[in-house]
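Notebook, salt bridges: I wanted to go through some of the charged side-chain pairs and look up how far each partner is buried or exposed.

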Amino acid sequence: PRSLVPLAAARRKPGAQPMNERDPPSLCPGTPQRQAPAFGAGRGRIWDPSCGAGRADLALPREGSCMAIAKMSWHPQYRSSKFRHVYGKPASKEKCYDCVPITCSVHDNHFCAVNPHFIAVVTECAGGGAFLVIPIHQTGKLDPHYPRVCGHKGNVLDIKWSPFDDFVIASCSEDATVKIWDIPKHLLTRNITSARKELLGHARRVGLIEWHPTASNILFSTGYDYKIMIWNLDTKEPIIQNPVKTISCHKDVILSMSFNTDGSLLATACRDRKIRLMDPRSGAVLQEASCKSHRVNKVLFLGNMKKLLSTGTSRWNNRQIALWAQGDLSVPLAEEDLDGASGLLFPFYDSDTHMLYVVSKGDGNIRYYEIGAEKPYLNYLTEYRSPLPQKGIGIMPKRGLDVSACEIFRFYKLIPGKSLIEPVSMIVPRRSESYQEDIYPMTAGAQPALTAQEWLNGINKGPVLVSLRPGSEILNSMPQFPAKEPSLRSTESNWYQARTERMAMKEIQKQSGIQETKGQKNMGERFQEDRQMRLSNGFDVFERPPPKTENELLQMFYRQQDEIRRLRELVNQRDIQITQLELELRNIHQDSGRY
């Protein structure tokens with residue numbers, strides 16, 4: 001059969017130029033026009049409506065042509081990430097904190113600080129400033145007469161828990177003072193009005209405070225006098241008037257401060273739209289960034305990736321995030337516009353998972369990204385949306401998360417419209433209930449790596465890392481306030497006590513060799529009652545009569561699951577103790593071999 005060609009191509013003389021765009025020229029100068037192959041000879045046909053006939057596809061060059069065409073894949077390329085499906089799970093109403101009088105201040109700050117024991121919230125107070133300290137497990141409605149921490153003469157602007165002491169908190173206020181408070185481990189019964197230490201040095205109100213990430217008792221404060229002051233709290237004086245160091249290189253109000261991992265560098269964001277990278281001991285400015293297309297509000301170090309992230313607005317007042325290289329702040333590595341809202345953006349970075357969370361003030365959204373070492377540096381994952389707008393936000397340290405539920409981050413949203421504090425957990429969906437070691441690497445613990453004087457002398461050290469595996473020895477803060485004995489030890493001791501009592505009962509029966517008397521019955525009943533009280537969950541699984549109803553069956557099932565979980569934790573704890581003893585024996589043998 002004859003091949004179908006356009007009528008114009010059939011009438012054209014050899015070597016003539018094309019008459020219109022539908023009739024393409026040769027693909028390369030000097031190359032003759034390709035002839036259409038025979039109909040059905042392996043080439044597809046494209047319908048040309050102008051001539052009513054099919055023509056050969058002349059857009060594809062033959063092999064060896066001078067025109068190179070890139071191969072396109074029909075399948076989109078997806079990044080392989082274990083955090084692609086992370087989702088936000090808000091807490092139920094019973095696990096929220098209700099009737100909390102949240103502050104109405106318009107200051108751009110978090111107004112909330114969280115640790116594994118307490119949640120602190122800046123509140124409204126007549127005649128001065130105050131904040132609430134609520135035990136982390138005391139959820140539900142808050143008593144309107146709940147005691148407060150009220151010692152400032154002006155509104156409280158910022159609060160921060162000590163990273164190495166869960167019972168010490170710092171606060172700053174409009175009265176130009178910074179105060180350090182000791183929180184008792186029991187429930188508050190009356191207002192706390194006397195602080196442990198008072199720091200007097202700023203001439204105007206203090207708007208921001210930060211603890212050093214690795215050195216104990218080192219606090220940074222900045223105020224509206226454009227100064228950063230470094231305080232050494234490792235002294236006995238209750239009132240400190242002279243800071244260790246004062247940094248005066250800023251020309252306007254400092255909006256944000258952030259440390260790198262070992263605390264050897266300090267990054268600041270100022271109202272003059274500049275980002276400064278400085279040595280915190282000497283106060284020398286190492287680098288300075290000023291980008292006309294990005295007005296910075298908050299700055300954040302991205303762990304050990306040698307990058308910084310800033311949030312702010314673009315030239316067209318769009319909310320924007322920018323990524324900077326630590327070694328070169330002249331031009332941002334990447335910029336991304338988010339939306340046209342006016343609320344502030346609070347960035348939070350998880351160095352263990354390399355995830356960035358961007359929390360919007362004034363709406364209920366939380367965006368999260370994954371930071372990569374190569375382009376594209378910002379990889380958008382998804383967004384948590386809520387109709388309840390937040391005024392402030394608090395985050396739980398890694399050692400306070402629920403690893404059994406694969407929780408990798410937890411926010412505490414301040415919702416002033418409902419006087420509510422709502423926890424939101426970021427969860428990696430996993431089917432297994434065992435410990436997921438790939439999403440919980442070694443993380444910073446509650447033990448300082450340096451003393452205050454060592455850091456002031458010029459020593460730098462990274463944080464002390466601990467494991468989040470259940471049963472491992474997590475270094476809790478405040479050893480002088482020991483926590484209650486864990487239920488695992490009580491379970492084990494109760495089991496041994498019950499076994500000893502059963503053996504004692506058998507010995508009594510063997511020695512008597514007669515029927516039990518009334519007194520012996522009473523004694524046996526007492527043993528049974530004691531054992532019933534001491535055993536975990538208040539029952540013996542193997543001696544309890546079988547359940548008769550569905551409700552009893554469910555109760556029995558849940559109790560057995562709890563018992564199995566406790567036994568698993570007990571086995572893990574014993575394995576860790578065995579490993580520690582083996583290491584100690586190995587060290588002893590090595591020491592004995594030296595001598």
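I began with aspartate 158 and lysine 160, whose side chains meet in a salt bridge with an N to O distance of 3.4 Å. I then looked up the accessibility of the two partners and noted that aspartate 158 is buried and that lysine 160 is buried too. I add here, as a caution for later reading, that the model is a predicted one.

Next I turned to lysine 93, which forms a salt bridge with aspartate 98, and I noted 3.5 Å between the closest N and O atoms. Is lysine 93 buried or exposed? Lysine 93 has a relative accessibility of 53%, and because the cut-off for exposed is over 50%, lysine 93 counts as exposed. For aspartate 98 I found 13% relative accessibility, so this residue counts as buried, the limit for that class being under 20%.

My third pair was glutamate 383 and arginine 385, joined by a salt bridge in which the closest N and O atoms are 3.6 Å apart. Glutamate 383 comes out at 17% relative accessibility and therefore counts as buried, whereas arginine 385, at 64%, counts as exposed. Which residues are joined with this pair into one network through salt bridges that share partners? I listed Arg319, Asp339, Asp363 and Arg367, which together with Glu383 and Arg385 make up the network.

Finally, I looked up how many salt bridges the structure holds, and I entered the total as 22.

How values were computed
Residues numbered from 1 in each chain as written. Predicted model: local features only at pLDDT ≥ 70, side-chain atom pairs only at ≥ 80, totals over all residues. Heavy atoms only, no water. Salt bridge = Lys/Arg side-chain N within 4 Å of Asp/Glu carboxyl O. Buried < 20%, exposed > 50% of the residue type's maximum accessible area, 1.4 Å probe, protein only.
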